[in-house]
Amino acid sequence: MTFELSPEHEQFRRSVRDFAEAEIAPHAAQWDREHHFPTDVVQKMGALGLMGLTAPEEFGGAGMAGEDGGFTSLCLAIEEIGRVDQSMGITLEAAVGLGINPILTFGTDEQKKTWLPALVAGEQLAGFGLTEPGAGSDAGATRTRAVLDDGEWVVNGSKQFITNSGSSITSVVTVTARTGDRPDGRPEISTIIVPSGTPGFTAEKAYDKLGWHASDTHPLSFTDVRVPESHLLGERGRGYAQFLATLDDGRVAIAALAVGCIQACLDMSLQYAGERQTFGGPIGRKQGVAFQVSDLQVMLDASRLLTYKAAAMKDAMDAGSSSVSMAAFKQAAAVAKLYSTESAVTATRIATQVFGGYGFMEEYPVVRFYRDAKVLEIGEGTSEVQRMLIARGLGLPVE
């Protein structure tokens, strides 16, 4: 397989970059300061078609099958949005990867018809409720429960760190819940669709976060929340497996967001190193600065290629190709996620150092990227989880 972008992909990248620089970049610092979630701009991203790149035409999507590179296009869009604002980059990533994909992949025809058109159009958003105060990767620790009662699921429990879950345009959240116990004593985990506004379902006060200030993130609580039995998403007892499959795609998308962060660090550092004067010349003539900027270029190229490789593998699988196995894709996704996100954190440290004292001042965008980068190593599976997956893929019996 080759991972060179097509002319169509490059043209698409330019169109998204133009949108990002016109509609997002001028306002990103203010949104960050005010912790403002710009629903109007989110809906503009939808109007541009960014939410529907991987969705079928029947639901208002672009209808880009695997051979058309739909997932690669999504990664390009996330990268370009994330290059100017990581908060809006994660909003797009979560809107598609965590909001639309579970319903698109596992939903019934009726569920798809009910929820997807508005989500694909970007008019509404959906959340992905997996993590709990005491449970994340450990499915057995899930405490949220759903019990069938007279044709309805009654949901009780809580979720945390849920993106796009409490905005004024959030329409639905899919949540994992214990729906029983298996014969071996392990919990049966299923996925339930819970519409916003359902009595007993509350999006609690938004988090006060280190970064991603313009992203919508809430803890959720469920108190005797009743939804129809038909709101079961996919097969009963397969909820955790469904969410893990969703996370495979999400890891590549987070890697793309990290690539955008590294690109921004390189752009800012290169410009500043050429403009900032010390001892009669630009600081970029000093090896101590120039070599660090060179490292940014290396990290960017490596991260981008790893991400595009994984995205191309995903598109190939969606196109029905037998040349890519699911195991190979999972491995590539974990590698791309691990390397790109850790490189992004390093890139923001380097960029801040290049800026010196100004890199500590909120008036410079490098500060915002520094704060935003850390969570990239955590969301969609921590770096430790990625290393575990990679080691298992190599055949090591790691726990």
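Accessible areas here come from the Shrake-Rupley method with a 1.4 Å probe, and for residues, only the protein chains shown count as cover. By that method the chain exposes about 17,100 Å², with carbon and sulfur atoms supplying 53% of it.

Before you start clicking, some ground rules: this is a predicted model, in which local features need pLDDT of at least 70 and side-chain atom pairs count only at pLDDT 80 or more, while totals for chains, interfaces and linings use all residues. Residues are numbered from 1 along each chain as its sequence is written, and side-chain values use heavy atoms, with hydrogens and water left out.

**Stop 1: the whole chain**

Show everything as a cartoon. You should find 11 helices and 10 strands; helices (H or I, at least four residues) and strands (E, at least two) are DSSP runs, numbered from the N terminus. The radius of gyration is 21 Å, close to the 21 Å that the globule rule gives for 399 residues, so the chain is as compact as a globular protein of that length. That radius is taken over C-alpha atoms, and the rule is 2.2 Å times the number of residues to the power 0.38. Along the principal axes, the C-alpha atoms fill a box of roughly 80 × 45 × 40 Å.

How much of the chain counts as buried? The figure is 55% of the 399 residues, where buried means under 20% relative accessible area, exposed over 50%, and partly exposed in between (1.4 Å probe, protein chains only). Contact means heavy atoms within 4.5 Å. Of the contacts with a separation of 6 or more, 74% are between residues 24 or more positions apart.

**Stop 2: helix H9**

Select residues 326–355, which make up helix H9. At 1.5 Å a residue, its 30 residues should span 44 Å, and the end C-alpha atoms are 43 Å apart, which agrees. The expected span is 1.5 Å times one less than the number of residues. Step just past the end of H9 to Gly356, whose phi is positive, near 60 degrees.

**Stop 3: Ile390, beside H9**

Now pick Ile390, in helix H11 (residues 383–393). Ile390 is buried, with a relative accessible area of 15%. Leaving aside neighbours within four places in sequence, Ile390 is in contact with Gln331, Ala334, Val335 and Leu338. Draw a distance from its C-alpha atom to that of Ala333, 57 residues apart along the chain, and you should read 9.4 Å.

**Stop 4: Arg251 in H7**

Move to helix H7 (residues 239–275) and select Arg251. Is this residue buried or exposed? At 8% relative accessibility, Arg251 counts as buried. Its side chain makes a polar contact with the side chain of Asp248 (3.3 Å). A polar contact is a pair of N or O atoms within 3.5 Å; within protein, one must be able to donate a hydrogen and the other to accept it, and residues adjacent in sequence count only if both atoms are side-chain atoms. Look also for the backbone oxygen of Glu380, 3.0 Å from a polar atom of the Arg251 side chain. Not counting residues up to four places away in sequence, Arg251 touches Ala333, Lys337, Glu380, Gly381, Val385, Gln386 and Leu389.

**Stop 5: salt bridges**

Side chains of opposite charge can pair when their charged atoms come close. A salt bridge is a side-chain nitrogen of Lys or Arg within 4 Å of a carboxyl oxygen of Asp or Glu, and the structure holds 23 of them. Here are three to visit.

- Asp32 and Arg371 meet at 2.7 Å, N to O. The pair links distant parts of the chain, with Asp32 in helix H2 (residues 28–34) and Arg371 in helix H10 (residues 365–373), 339 residues apart. Asp32 is buried at 7%, and Arg371 is buried at 13%.
- Asp267 pairs with Arg83, the closest N and O atoms being 3.1 Å apart. Asp267 is in helix H7 and Arg83 in helix H4 (residues 70–84), 184 residues apart. Asp267 is partly exposed at 30%, whereas Arg83 is buried at 16%.
- Asp249 pairs with Lys314, with the closest N and O atoms 3.2 Å apart. Asp249 lies in helix H7 and Lys314 in helix H8 (residues 287–318), so the pair ties together parts that are 65 residues apart in sequence.

Finish this stop by selecting Glu10, Arg13, Arg17, Glu79, Glu80 and Arg304, which salt bridges that share partners join into one network.

**Stop 6: Val366 in H10**

Last, choose Val366 in helix H10. Val366 is buried, with a relative accessible area of 1%. Leaving aside neighbours within four places in sequence, Val366 is in contact with Met268, Ala351, Thr352, Phe355 and Gly359.
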